[in-house]
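Trainee: Could you take me closely through one part of this structure and set it within the chain as a whole?

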Amino acid sequence: MTLSLVKTGAIAAALVFATATSSLAATYAIVEQDSLIRYNHSNSSSVVNDVEEGDLVQIIGEWGNWYKIAIPGPNGWIRSYKLELDYEDDPAPGVQFCFMGPLGKVCVKG
């Protein structure tokens, strides 16, 4: 009985995520200049990674004029003016919503 309730809840959650608006879609950008990636959204924060001009990155957070990006290696923060946000060739077409869960990244496709 409990397993049936869990399955029903999972199906309901999937339906909610499947009907999410496009504002929840993954956002990608192109790096406009070689940049250091910081642990936090501050110039005084420690450097954890770097990106090069032309790299494709996924934006996973925002704080003021900083974006948190997902990249190979440690993720981190970059100033917004170093990214071109009008990137139109989404590398994951049809993905409407992705989220990180306890078992990893899950994406719902439209």
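Mentor: The account below begins with the whole chain and then turns to Arg 38 and its surroundings.

This is a predicted model, in which local features need pLDDT of at least 70 and side-chain atom pairs count only at pLDDT 80 or more, while totals for chains, interfaces and linings use all residues. Residues are numbered from 1 along each chain as its sequence is written, and side-chain values use heavy atoms, with hydrogens and water left out.

The chain holds 1 helix and 9 strands (DSSP runs numbered from the N terminus: helices are H or I of at least four residues, strands are E of at least two). Their order from the N terminus is α-β-β-β-β-β-β-β-β-β. Of the 110 residues, 25% count as buried (buried means under 20% relative accessible area, exposed over 50%, partly exposed in between, with a 1.4 Å probe and protein chains only). Contacts are heavy atoms within 4.5 Å; of those between residues at least 6 apart in sequence, 47% join residues at least 24 apart.

Arg 38 belongs to strand S2, residues 35-38. Arg 38 is buried yet forms no salt bridge (a side-chain nitrogen of Lys or Arg within 4 Å of a carboxyl oxygen of Asp or Glu). The nearest side chain of opposite charge is that of Asp 50, 12 Å away; for charge, Lys and Arg count as positive and Asp and Glu as negative, with His and the chain ends not counted. Not counting residues up to four places away in sequence, Arg 38 touches Asn 43, Ser 45, Ser 46, Val 47, Val 48, Trp 66, Gly 76 and Trp 77.

Tyr 39 lies in the loop between S2 and S3. Tyr 39 is exposed, with a relative accessible area of 59%. Leaving aside neighbours within four places in sequence, Tyr 39 is in contact with Ser 45, Ser 46, Val 48 and Trp 77. From Tyr 39 to Lys 68 the C-alpha to C-alpha distance is 9.3 Å, across 29 residues in sequence.

Lys 68 also appears beside Ile 60, a residue that touches Lys 68, Ile 69, Ala 70 and Asn 75 when residues up to four places away in sequence are not counted. Ile 60 lies in strand S4, residues 56-63, and is partly exposed, with a relative accessible area of 43%. Ile 60 and Ala 70 are 10 residues apart in sequence, with their C-alpha atoms 6.5 Å apart.
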